Amino acid sequence: MKKSISLISLGPGNENILTLEAKNALENAQIVFGAKRLLEVVLRFSGGDRNGALPVFVEEYRAKEIFDYLEKNPGYERIAVVFSGDTGFFSGAALYSGKSGEKQGYEFSVFPGISSVNYFASKLKKSWQNWKFLSLHGAKCNFIEQIRKNAECFFILSGSEDLKNVLKKVREAVLGGILPEVKCYVGKNLSYNDEEICEINFNAGRLVNSHTEFTSDSNALFVLLVENEKASFAGFASRLEDSDFIRYDAVPMTKKDVRRLSLSYLSLSENSVFYDIGSGTGSITVEAAREATEGKIFSFECDKNAFELTKKNVQKFFLENVTCVFGKAPESLNDSEIPSPTHVFIGGSRGNLSEIVNCLLEKNPFVKIVANFVSLENLCEMQTLLKELESKNMIKKLEITQLQVSKAAKLGNFNLMKAQNPVFIVSFEGSKKM
């Protein structure tokens, strides 16, 4: 007979809202693993008797360490591992693989519970079916952009520092016009005797009601719901104007019309890994990060002033999914810590166009590349490279577009069209070498 491991949800932490099924499984367990706070919950409802014997409690929740412990102590047949919330919602239970457990002779059972989402929504008397679920528990999250795009965002937080950070940046984003008026609901120590729920409103950067005392408890457990009734979803409606960016005279910028068409050719997805090579002002980097909200964005720039300007514009829009890299391509692209790209924009190559494109195709043979050129010389260099790549069946879906933009300018009582430099937009995809 296989030994059994029960993965058990304890809900928010109050033993009174455990499911009967979960209680029965715990009462049957010979040994219980979990974080200290959760083991205290089990101890409270276990009584102290159980025919004179409590289960053994071990303060551990990591799968590998638990399997190592059981291997050294093979006498246990009925094992329980407890988790907060629900096993299916941002839970450590996901680390336990049935297949790996079966190889070691264990049979797994999962006992779901009440998640913090269910509990918090019931306290607020709200439906949670349209909430966007996000976690800051040991992970980075592009949360200002998520709030901008989604009407309701629910955050799992590590503690009071996460909460302070989110509220601070939300306030700054409202003040800076990145977000409209938003409403926040904070849950503290849900289901415990000292449970508190606080509503915080931000209007034009002004904090309507104080939350300093509420966030001062470093040992408290928090969740957060942010409501944005004016959420603007991804698309051209949320594109930025050139005037929205911080500018330096000596640093070039991909202007609005060229930027929008180039991003259209890129066709970024929500979780793209995107490189902006020769980021300049950072306008492409910023727009890409706002579009690929859950993706990873890397800007590469070898000019110090341009590099600092890109960082300033990234910070202005509170973008958490951007990494700015100082260095010349293609050398700077080869950092082992940087994942291979799915999409790339080339705004500047500093004479290394062929080396850059070949490096990108080596990192991902199916990468989508869009490049902008102003001079005929650079376009000719690209055409020569494209012919070589096509002869080797390394690229497909090649498009070359010339964009000529003229803007009306006032001259007395008349509007005259003032032409900008024409730009060539080259778009293609890598294809596996035949």
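**Salt bridges in a predicted model: worked exercises**

Arginine 62 has a relative accessible area of 42% and is therefore partly exposed. The structure is a predicted model, and the exercises below take up its salt bridges.

**Exercise 1.** Find which residue forms a salt bridge with arginine 62, and decide whether that partner, glutamate 60, is buried or exposed.

*Solution.* Begin with the pairing: arginine 62 meets glutamate 60 in a salt bridge whose closest N and O atoms lie 2.8 Å apart. Next, take the accessibility of glutamate 60, which is 14%. Buried means under 20% relative accessible area, so glutamate 60, at 14%, counts as buried.

**Exercise 2.** Determine how far apart the closest N and O atoms are in the salt bridge of glutamate 196 and lysine 188, and classify each of the two residues by accessibility.

*Solution.* The closest N and O atoms of this pair are 3.5 Å apart, and the cut-off for a salt bridge is within 4 Å. Lysine 188, with a relative accessible area of 8%, is buried, whereas glutamate 196, at 36%, counts as partly exposed.

**Exercise 3.** Locate the two partners of the salt bridge between aspartate 242 and arginine 259, and name the network to which they belong.

*Solution.* The side chains of aspartate 242 and arginine 259 meet at 2.9 Å, N to O. Aspartate 242 sits in the loop between β11 (222–227) and α8 (256–266), while arginine 259 lies in helix α8, 17 residues apart, so that the pair links distant parts of the chain. Arginine 259 is buried, its relative accessible area being 0%. Through shared partners, salt bridges join Arg239, Asp242, Arg259, Glu287 and Glu291 into one network.

Notes. Residues numbered from 1 in each chain as written. Predicted model: local features only at pLDDT ≥ 70, side-chain atom pairs only at ≥ 80, totals over all residues. Heavy atoms only, no water. Buried < 20%, exposed > 50% of the residue type's maximum accessible area, 1.4 Å probe, protein only. Helix = DSSP H or I, 4+ residues; strand = E, 2+ residues; numbered from the N terminus.
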